[in-house]
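Hi everyone, thanks for making time for this. I'd like to walk you through one structure, so please have the sequence and the viewer open.

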Amino acid sequence: MKEGKAVITEYCQLCRACLSVCPEGVIKEVLEEGQQPAAQNLPLHEYTGVWVFAERRGGKVASVAYELLGAGRRLADERNAQLSALLFGASDAEAQELIRWEADRVYLCTDPIFESYNDEPHADLLGLLIKEHRPEIVLAGATPIGRSFFPRVAAKLRTGLTADCTSLEIDRDTGNLLQVRPAFGGNIMATILCPYNRPQMATVRPRVMKRGRYDQNKTGDIIHIDAEGLFSRTKVVDTVKEVSETAVNLQEADIIVSGGRGLGDPKGFKILGELAEALGGTLGASRAAVDEGWIPYSHQVGQTGKTVCPKIYIACGISGAVQHLVGMQSSDIIIAINKNPDAPIFTVATYGIVGDVYEIVPMMIRKINEMKGR
Amino acid sequence: MNIVVCIKQVPDTSEVRINPETNTLIREGVPSIINPYDMHAIEAALQIREKAGGKVIVITMGPPQAESALRDAVAMGADEAVLLTDKAFAGSDTWATSYTLFKAVEKLDAHIIICGKQAIDGDTAQVGPEMAEFLNIPHVSYVRRIEDVSEGSIRLQRLMDDGYDIVESSLPVLFTVVRELNEPRLPSLKGKMAAKKVEIRKLSAVDLEADAEKIGLKGSPTQVLKIFAPEARKDRKILEGSMEEQIDTLVHELRSLKCV
């Protein structure tokens, strides 16, 4: 502020957050001649179709691939376009399965170069295929694999890539993909566009999108791709399985009882553990509780922890920072218990109780056990 | 061996709070720090230098005040520091950022380039791999251990969802690191002295001979349309009555869902 006026300093990084948050709507963006992002590759209408990268790991297609097919089908239908899956290093039978999960076409490469995961052949082959067939939208799972090689493809193709999307919609007027993702360390959400370049590329968090329909009789094309000329300067010499049991349990649990900073004490997790046991559920935690050292990281739910999608998620003493919400908000039913009636967790909760966890949870346990005893 | 570490100065997002009335970020008083994952990248570079010799060059793109992040890295033990700063870089998305860093790194004759796995403000994890593509070198993401470094190759452990892969790569290589890799050291007294004296090399878009079409806002394929707080759930049910009545309703609801 200088003499009652806001002044942009060298701190401004043109993030443009000010444009949408100004309460009076008085901040406007004025682009000078030549400043417009105008880095178009080919006319936009030459790109058509939705592509989904069907990731494989440990000899089978990852579950996120089926979720992407569900999301991709919806987008393709809105654009009156075809849905294609890309399957590298697999068999015809697996390709057929993707068709039953609503793909119209599968680009299949069976070359052994894809037996283990290396970034370069994945990026090179996908880049070549995109150049040849010009899809409008290309999606992958926001997994260690998708998040690692998709950026290489975007760099090659001179197009935009949005990481970790939690929602994808089409803007009917422009055909632009509205890509929603957490921003600022998961403190808030942002909608990202890629208006002048194609394809529009995004990675999508696992367990956020719902699977599509499975149709035993659906037919489609399988197109075999040659891996000629592909190479890798990295080599996987060994693969070591090491999955913590809690991580698996969390992601497969029907019921999760989670605790946050509001517990105030590591002992809180003992009571939550009893509730989880009474309900046959699993213990989760917010980042704050993990940072406090009250419970191991393997229990952490949220942007930097696990994304979960249980039938019931019970959040106890969790305020509901966006970074936590993005990891659990697609749960079927969310029950929030918090002292602070203004806690953001209540906005995503199906049921909310304002009050003390240490009063409410023991009462719940007692009533559940009474009910079981009947 | 030339080891380049790409770092970013970020707001400490664990300190960021939301104003519940306006749904905006409260940024006042939020300290600027070196992106925590980049601290592990710096530590990894220093450890490689201790074993294999060579020098560690830290590089960042940012506004002039990002210089302090570079000085902090020198205090930890980095030898040289490069700041890419120019108004023309403002508004860069990951594509333009990685192109700009690439234009600088390609001149540094790097054998190993290390980045944090992602920055805590953007969380995209894209700049490292995109830069490797521009440099036309291999990359390995999510490195949790460095097993061996030799003249022409490196062996790394790459963290995956179901465990880890042991990956060998030729040099030059770019890799991104996770927290499990190491414990970043504190600056030494000698380092702090060096940080005061070190001359930071400042490079502009012209110095980099960067293509004006590929930097800053103009070079960025993606745009932020809007920033917002998550929407409220549509199937919310308000529980009524005393605490005990509310809990009764809830437990009955759980029962009807066959959870009890």
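Let me start with a question: which strands of chain A does helix α3 lie across? Bear in mind that we are looking at a predicted model. If you find residues 92–100 of chain A, you have α3, and it lies across β4 (83–88), β5 (105–109) and β12. Against β5(A), the helix runs at about 160 degrees.

Those three strands belong to a sheet, so to speak of the sheet itself: seven strands of chain A make it up, in the order β7-β11-β6-β1-β4-β5-β12. The sheet is open and its pairing is parallel. At the edges stand β7 (161–165) and β12 (221–224) of chain A; each has a single partner strand, so one side of each is left without a neighbour in the sheet. From one strand to the next, the twist averages 20 degrees. For a close-up, take β1 (residues 50–53) and β6 (residues 137–141) of chain A, which run parallel and are joined by three bridges. A:V50 in that region stands opposite A:I137 in β6(A).

Now, please move to helix α4 of chain A, residues 119–133. Here is a little check for the geometry fans. The expected span is 1.5 Å times one less than the number of residues. With 15 residues, α4(A) should therefore span 21 Å, and its end C-alpha atoms are indeed 21 Å apart, which agrees. Its buried residues include A:D119, A:E120, A:P121 and A:H122, and also A:L129 and A:I130. Just after the helix, A:R134 takes a positive phi of about 55 degrees.

Let's zoom out to domains. The assignment for chain A gives domain 1 as 44–224 and domain 2 as 245–373. Over C-alpha atoms, the centres of these two domains are separated by 32 Å. Where they touch, 11 residues of domain 1 of chain A are in contact with 10 residues of domain 2 of chain A. On the domain 1 side, those residues divide into five nonpolar, four polar and two charged.

Inside helix α11 (residues 357–373) of chain A we find A:Y358. Is A:Y358 buried, exposed or in between? It is partly exposed, because 16 other C-beta atoms lie within 10 Å; being buried would take 20 or more. A:Y358 also sits 9.7 Å from A:G317, C-alpha to C-alpha, although 41 residues separate them in sequence.

On to chain B, which has seven helices and 15 strands. Its C-alpha atoms fill a box of roughly 70 × 40 × 40 Å along the principal axes. Of the 260 residues in chain B, 51% are buried. Among contacts in chain B with a separation of 6 or more, 70% come from residues 24 or more positions apart.

I saved the sheet that brings both chains together for last. Ten strands would be the spoken version; on the slide it reads 10 strands in an open sheet with mixed pairing, in the order β13(A)-β11(B)-β10(B)-β9(B)-β12(B)-β8(B)-β1(B)-β6(B)-β7(B)-β13(B). The edges are β13 (234–241) of chain A and β13 (201–203) of chain B, each with a single partner strand, so one side of each is left without a neighbour in the sheet. The twist here averages 30 degrees from one strand to the next. Between the chains, β13(A) and β11 (residues 163–170) of chain B run antiparallel, joined by seven bridges. At that join, A:V240 stands opposite B:Y164 in β11(B).

Note on methods: Residues numbered from 1 in each chain as written. Chains lettered and ligands numbered in written order. Predicted model: local features only at pLDDT ≥ 70, side-chain atom pairs only at ≥ 80, totals over all residues. Helix = DSSP H or I, 4+ residues; strand = E, 2+ residues; numbered from the N terminus. Buried ≥ 20, exposed ≤ 12 C-beta atoms within 10 Å, placed from the backbone. Pairing = 2+ DSSP bridges. Axes fitted to C-alpha atoms, helices over the stretch in contact; angles between N-to-C directions. Contact = placed C-beta atoms within 7 Å. Domains from an automatic or database assignment. Nonpolar A, V, L, I, M, F, W, Y, C, P; charged D, E, K, R; others polar.
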